[in-house]
Protein chains: 2
Amino acid sequence: MAFDVLDILKRNNLSVTDSRKKILEIFQQAGGALDHADIEKKTGDSFDRVTIYRTLQTFEAKGIIHTIPTIDNSILYALCKEECSQGNHRDNHIHFICDNCNTTYCLNHIPQSVVQLPEGFTEKRTDIIVSGICNKCK
Amino acid sequence: MAFDVLDILKRNNLSVTDSRKKILEIFQQAGGALDHADIEKKTGDSFDRVTIYRTLQTFEAKGIIHTIPTIDNSILYALCKEECSQGNHRDNHIHFICDNCNTTYCLNHIPQSVVQLPEGFTEKRTDIIVSGICNKCK
DNA sequence: ATAATAAATGCAATTATGTTGCAAAAAATA
DNA sequence: TATTTTTTGCAACATAATTGCATTTATTAT
């Protein structure tokens, strides 16, 4: 566990700091997606709010985490799978958000160009967000 | 035009007020999706910010407008099509957001249950957001 | 048409959310 | 271990969103 976290930071040429280690661990334990407020809750007052914002920004820029669109005004982040490389790590994810427990699942299913766009439209990224009830809440 | 707007309000048992009429007209003229800030710009200082927030909430509750997930932290709203009834007015929309001009298009294409969910997961709503370049910006 | 009732609005205050500059602290490098 | 580079925390600031309440406006019943 601790090894994984160190490894991720080193692979991405990031300084190893307490906040970065802690936030990565939180993502690993959570499994699903988290927003800034979730992380702030889980870190208590160990770190400044600003540090959390900046850490999330750094991780996203490096492709360690990716954002998930939401219907409310929060920004959800989730750990990228191994396969997600710099360029395409945002593409082809399907996310499931449980209406009951609010957990976000990253489904690894890759949609085969589902959408038929009108003439003149070019697709760059497609996000599919499914909401409903998850297997734990049913 | 003015008739449409009145009609919508009456069909939904809403009091006819200046702000509600104006905001509906703005949506009709815009065609695409708008967030709170867009509407505030277009109304100038005719109405208080709070009134705009409350009007959007009311419209969403009535199924007159629906929200669209976004990757930034804005809440986008768009007029529902006629066919969208109370219960399902959020389902089966595909939205296209242009990376260049930022316009949001409501595509009427209805996906035929694209996603294969794992056992125990129940789908209630599916949002598909495609981003890229629109036909005007290409 | 007018009075009574109900609903919506505007204002002020409050809370939440996000950003920036800079000095101090910590990490990486030589 | 000393030097350089990077990250952090603090303070200030900016924006976004919510709530309660008095006033205004719209609806309704007479």
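Here are four short exercises with worked solutions on the protein–DNA and protein–protein contacts of this model.

The model is predicted, so local features need pLDDT of at least 70 and side-chain atom pairs count only at pLDDT 80 or more, while totals for chains, interfaces and linings use all residues. Residues are numbered from 1 along each chain as its sequence is written, chains are lettered from A and ligands numbered from 1 in the order in which they are written, and side-chain values use heavy atoms, with hydrogens and water left out.

**Exercise 1. DNA strand D**

Task: work out which residues come nearest to DNA strand D and which elements carry the surface around it.

Solution. Step one is the list of neighbours, where near means that a heavy atom of the residue lies within 4 Å of the strand. There are 18 residues around DNA strand D, and those that come nearest are Thr17(A), Ser19(A), Thr51(A), Arg54(A) and Val16(B).

Step two asks what part of the DNA is touched. Of the strand D atoms within 4 Å of the protein, 70% belong to sugar or phosphate, and the rest belong to bases.

Step three looks at individual atom pairs; a polar contact is a pair of N or O atoms within 3.5 Å, and within protein one must be able to donate a hydrogen and the other to accept it, with residues adjacent in sequence counting only if both atoms are side-chain atoms. The side chain of Ser19(A) has an N or O atom 2.3 Å from a phosphate oxygen of strand D. For Arg20(A), a polar side-chain atom is 2.9 Å from a phosphate oxygen of the strand. Asp48(A) uses a backbone N or O atom instead, 3.2 Å from a phosphate oxygen.

Step four assigns elements, taking helices (H or I, at least four residues) and strands (E, at least two) as DSSP runs numbered from the N terminus. Two or more residues each come from helix 2 (18–30) and helix 4 (49–62) of chain A, and from helix 4 (49–62) of chain B. Helix 4 of chain B gives the most, with five residues.

**Exercise 2. DNA strand C**

Task: repeat the analysis for DNA strand C, and find which residue has a polar side-chain atom by a base nitrogen.

Solution. Begin with the neighbours again: of the 18 residues around strand C, the nearest are Val16(A), Arg49(A), Ser19(B), Thr51(B) and Arg54(B).

Next come the atom pairs. The base nitrogen is reached by Arg49(A), with a polar side-chain atom at 2.6 Å. Ser19(B) places a polar side-chain atom 2.2 Å from a phosphate oxygen of strand C, and Ser15(B) has one 3.5 Å from a sugar or linking oxygen.

Finally, helix 4 of chain A supplies the largest share of this surface, five residues.

**Exercise 3. The interface of chains A and B**

Task: describe how chain A and chain B meet, from the area they bury to the elements involved.

Solution. First, the area: about 3,000 Å² is buried between the two chains, 66% of it on carbon and sulfur atoms. Buried area here is the accessible area (1.4 Å probe) lost when two parts are put together, summed over both.

Second, the interactions. The count is eleven residue pairs in polar contact, both at pLDDT 80 or more. Zero salt bridges are found across the interface, where a salt bridge needs a side-chain nitrogen of Lys or Arg within 4 Å of a carboxyl oxygen of Asp or Glu.

Third, the elements on the chain A side: strand 4 (94–98), strand 5 (104–107) and strand 6 (122–133) each give two or more residues. Strand 6 gives the most, with twelve residues.

Fourth, the pairing across the chains. Strand 6 of chain A and strand 5 (residues 122–133) of chain B run antiparallel and are joined by eleven bridges; two strands pair if DSSP finds at least two bridges between them. Within this pairing, Thr126(A) has Val130(B) as its bridge partner.

**Exercise 4. A sheet in chain A**

Task: give the strand order of the three-stranded sheet in chain A and find which strands stand at its edges.

Solution. The order is 1-3-2, in an open sheet with antiparallel pairing. Strand 1 (34–35) and strand 2 (65–68) each have a single partner strand, so they stand at the edges with one side lacking a neighbour in the sheet. Two bridges join strand 1 to strand 3 (residues 76–79), and Leu34(A) stands opposite Tyr77(A) of strand 3.
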